[in-house]
Amino acid sequence: MLLALTLVLGCNEPFSSVEEDLFPGGVSTMTVERIYPVTGPTDGGTGICVEGEGLDDSVEITIGGADCTDAEYRGGLLSCLTPAGSGEAELVATKSDRSQHTATFTYVAFPDPVTPVDYCALLEPCVPLNAEVDQLAEGQPTVLVYHAGITDQVDDADALKVQFGYGLYQSHPARGCWTWSEAAFSHQAANDQGEMVNDVYSAAVRAPSEPGNYDFLFRASVDGGRSWTICDFGYYPGVSELCEEDREGSADGFQQGHVGVLVVTDSSSGGDDTGEDSGS
Ligand SMILES: [Ca+2]
């Protein structure tokens, strides 16, 4: 079951896509500016993100002739999960008006199987986190992580990676298009038996420059970032009293509603009806 909770991601580094949009016999209504990442493991499951102009939910993506699955179009961004494949494969994005864009996706074979994290869960805050654009939010979200042989040891800094991420409201954290940053170790925490086997990490959150509502959570990896386990909300009496009780973190996989909410405002811009300041 745990395997199903872990979505394999490849390389985190973004890559630019420079190949031209192809639209024989007409004017293309779709301009792809960037696809990332353009490399991932042969077993598929890599979340890729497509940025550009003229994208819509009619755009279908194939890689090596197989469908890029679970496509999601949101906020001008298109994302999907790569199929299994090998070597260099042609990625083709096709819009309903038949405009097309091609790029190359490179599959990389890894010698070792992925290792999902035993358990992790977003702890708090359960109330919306507020921030001004480009500014640090007040309060730091926290996440609890447990992995046998790692978080129950004293010196585990190198074996565990924990990241905070946010994305557009109700978008999927494993399908690309989310922004991730390293979380910091905060302290050890006890399990039900009082054993200090859990790690708690926290994150300073710098808001994006675009106002709006965003989802946030954490992800954790014990295989060097080859695979990430999504840490949505758990419930801990005494820690997260404001949270819903039926939250089980990564134990029951990812649920769209079990995320934190980041509300980003831009008070400096004022409203359209009050922002006139050039009267003199
Ligand atoms: Ca869950």
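**Exercise 1. The four-stranded sheet**

Work out which strands form the open sheet of four strands, in what order they stand, and which of them lie at the edges.

*Solution.* Start with the order: in this predicted model, the open sheet of 4 strands reads 12-14-18-17, with antiparallel pairing. Next, look for the strands with a single partner. These are strand 12 (119-124) and strand 17, so they stand at the edges, and one side of each is left without a neighbour in the sheet. Finally, check how the strands lie against each other: neighbouring strands of this sheet are turned by 25° on average, direction ignored.

**Exercise 2. The partners of strand 18**

Find the strands that pair with strand 18, and name some residues that stand opposite each other.

*Solution.* Take one partner at a time.

- Strand 14 (residues 142-146) runs antiparallel to strand 18, and 4 bridges join the two. Here valine 145 stands opposite aspartate 199 of strand 18.
- Strand 17 (residues 184-189) is also antiparallel to strand 18, joined to it by 5 bridges. Along this pairing, alanine 189 stands opposite asparagine 198, and histidine 187 has valine 200 as its bridge partner.

While you look along these strands, it helps to remember that side chains in a regular strand alternate between the two faces of the sheet.

**Exercise 3. A loop residue that is buried or exposed?**

Locate alanine 207, then decide whether it is buried or exposed.

*Solution.* First find its place: alanine 207 sits in the loop between strand 18 (198-202) and strand 19 (212-221). Now count its surroundings. Alanine 207 has 23 other C-beta atoms within 10 Å, so it is buried; the cut-off for that is 20 or more.

Which residues does alanine 207 touch, leaving aside those up to four places away in sequence? They are Ala131, Glu132, Val133, Asp134, Gln135, Ala137, Leu262 and Val264. Take leucine 262 from that list: alanine 207 and leucine 262 are 55 residues apart in sequence, yet their C-alpha atoms are 8.2 Å apart in space.

**Exercise 4. Two residues with positive phi**

Compare the settings of aspartate 134 and glutamine 170, and say how exposed each one is.

*Solution.* Begin with aspartate 134, one of the residues touched by alanine 207. Aspartate 134 lies in the loop between strand 13 and strand 14. Its phi is near 65°, a positive value although the residue is not a glycine. With 12 C-beta neighbours inside 10 Å, aspartate 134 counts as exposed.

Move on to glutamine 170, in the loop between strand 15 (161-168) and strand 16 (179-182). Glutamine 170 is not a glycine either, and has a positive phi of about 60°. Because 14 other C-beta atoms lie within 10 Å, glutamine 170 is partly exposed.

**Exercise 5. Cis peptide bonds**

Find where the cis bonds before proline 37 and proline 125 occur.

*Solution.* The bond from tyrosine 36 to proline 37 is cis, with omega near -10°. Proline 37 is in the loop between strand 3 (31-36) and strand 4 (39-41). The bond from glutamate 124 to proline 125 is cis too, with omega near 0°. Proline 125 belongs to the loop between strand 12 and strand 13 (129-132).

**Exercise 6. The core**

Name the residues that touch the most other members of the largest nonpolar core, and the domains that contribute to this core.

*Solution.* The core has 59 residues, and those touching the most other members are Cys120, Ala121, Val143, Val145, Phe218, Cys231 and Leu262. Both domain 1 (2-108) and domain 2 (119-267) supply at least three residues to this core. For a close look, choose valine 143: beyond four places in sequence, its contacts include Cys120, Ala121, Phe218 and Cys231.

**Exercise 7. The whole chain and its confidence**

Describe the chain as a whole, then say where the pLDDT is below 50.

*Solution.* The protein chain holds 1 helix and 21 strands, and 38% of its 280 residues count as buried. The average pLDDT is 85, with 84% of the residues scoring at least 70. Among the elements, helix 1 (residues 2-5) has the lowest mean pLDDT, 38, and strand 7 (residues 66-67) the highest, 98. Values below 50 run over residues 1-19, a stretch with 51 contacts beyond near neighbours in sequence. They also run over residues 272-280, where the model has 2 such contacts.

How values were computed
Residues are numbered from 1 along each chain as its sequence is written. This is a predicted model: local features need pLDDT of at least 70, side-chain atom pairs count only at pLDDT 80 or more; totals for chains, interfaces and linings use all residues. A nonpolar core is a set of buried Ala, Val, Leu, Ile, Met, Phe, Trp, Tyr and Cys residues joined through C-beta atoms within 7 Å. Domain bounds come from an automatic or database domain assignment. Two residues are in contact if their C-beta atoms, placed from the backbone, lie within 7 Å. pLDDT is the predictor's confidence in each residue, from 0 to 100. Two strands pair if DSSP finds at least two bridges between them. Axes are lines fitted to C-alpha atoms, for helices over the stretch in contact, and angles run from 0 to 180 degrees between N-to-C directions.
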